[in-house]
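Me: I'm new to this structure and would love a close look at a single part of it. Could you walk me through how one pair of helices packs, and then what lies around that spot?

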Amino acid sequence: MDLLASEWIKTRSIRTTWILAAGTVLVTVVVSLLGISGLAADWQADLPADFDPTGVSFKGILVGQILVATLGAQAFTSEYATGQIVTSLTIAPRRAVLLVTKLTVAALVALATAVLTVGCSLGASQAALAAAGLPTADLTEADSVRAVVCAVGYLVLTAVLGVALGALTRSSSGALAVVVTVALLVPALAPGLPGALGDLAGTYWPTTAGQASYTTTGTGPLAGPGGLAVMAVCTLWTTLAAHLTLRTRDA
């Protein structure tokens, strides 16, 4: 418990923690609203058959995930940057315990951030849809509730993935580069890959699968919790790699 309290004190005392948390909320809401305002006229003229008033509220997560992953990564990168990691490893020589503690604190901060992000983005987006005379989400439906829960879960997993990447790269810029590649670059390039390779990357790539979990009209094999499960497995393997790296590398 002392180590957990120590990690929480370190996390809350870093100003960047709260900047990234607030930035995640703000960027996600703004990007979601921009997406709605940019397409509202087209939707009013010809509403797509697969229009998803719940999923469209979370379009901003595509950008917000970068910030929440960075929030997770700084659990390690900030200490490597200042040399504080030496003190942390001296206090907690069992590196698995240190990793689990950092993961726990980062996940809790990310959970609070994710709930606020998803709630604000959903509320603002639904208000924008209603103002434009477009269909809004029915939050009494099971699919809508599932999408909201999966959106929160996706952001928390992204933060946990960020912690693992921070431990692996030991660098904020390095972790950010990996996050951008995993979350944005590969999904953008996947449709251009030939044949089955493109289909595989476009469906089973972890972030793509995770993003499919918070839609209500998806019909692919990973629509719903299945997509989040793929993201969770990827996060688990990355965390195990981080654990192995911490055990075999010097501070």
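Reply: Happy to! In this predicted model, helix α1 (residues 2-13) packs against helix α5 (residues 95-131) at an angle of about 50°, and their axes are 9 Å apart. Angles from 35 up to 65 degrees fall between roughly parallel and roughly perpendicular, and α1 and α5 are therefore oblique to each other. Their crossing is right-handed.

Which residues make the contact? From α1 come Leu3, Leu4, Glu7, Trp8, Lys10 and Thr11, and from α5 come Val97, Leu98, Thr101, Lys102, Thr104, Val105 and Val109. Sorted by class, the residues where α1 meets α5 are 7 nonpolar, 3 polar and 3 charged.

Two residues of that contact, Lys10 and Thr11 of α1, lead us to an open space. The second largest pocket has a volume of about 210 Å³. It is lined by 17 residues, and Lys10, Thr11, Ile14, Gln74 and Ala75 are the closest to its centre. Three elements each give two or more residues to this lining: α1, α5 and α3 (61-82). The one that gives the most is α3, with 6 residues. The lining of this second largest pocket is a mix of 7 nonpolar, 6 polar and 4 charged residues.

For a second example of packing, look at helix α6 (residues 142-169) and helix α7 (residues 172-189). Their axes come within 8 Å and cross at roughly 130°, and α6 and α7 are therefore oblique to each other too. The crossing of α6 past α7 is right-handed. Here α6 brings Leu165, Gly166 and Thr169 to the contact, while α7 brings Gly174, Ala175, Val178 and Val179. These residues of α6 and α7 comprise 4 nonpolar, 3 polar and no charged.

This second pair also has an enclosed space beside it. The structure holds 1 cavity of 30 Å³ or more, and the largest cavity has a volume of about 60 Å³. Its lining is formed by Gln65, Thr158, Leu161, Leu165, Val179, Val182, Ala183 and Thr207. The elements giving two or more residues to that lining are α6 and α7. Leu165 and Val179 belong to the contact of α6 with α7 and also line the largest cavity. By class, the cavity lining has 5 nonpolar, 3 polar and no charged residues.

Key:
Residues are numbered from 1 along each chain as its sequence is written. This is a predicted model: local features need pLDDT of at least 70, side-chain atom pairs count only at pLDDT 80 or more; totals for chains, interfaces and linings use all residues. Side-chain values use heavy atoms; hydrogens and water are left out. Axes are lines fitted to C-alpha atoms, for helices over the stretch in contact, and angles run from 0 to 180 degrees between N-to-C directions. Helices (H or I, at least four residues) and strands (E, at least two) are DSSP runs, numbered from the N terminus. Angles under 35 degrees count as roughly parallel, over 145 as roughly antiparallel, 65 to 115 as roughly perpendicular and the rest as oblique. A crossing is left-handed if the near helix is turned anticlockwise from the far one by less than a right angle, and right-handed if clockwise. Contact means heavy atoms within 4.5 Å. Ala, Val, Leu, Ile, Met, Phe, Trp, Tyr, Cys and Pro count as nonpolar, Asp, Glu, Lys and Arg as charged, and the others, Gly among them, as polar. On a 1 Å grid over the protein atoms alone, a cavity is a set of points where a 1.4 Å probe fits but cannot get out, and a pocket is an open set with protein on both sides within 12 Å along at least five of seven lines; lining residues have an atom within 4 Å of a point. Grid points are joined across faces, edges and corners, and a volume is the space filled by probe spheres set on the points.
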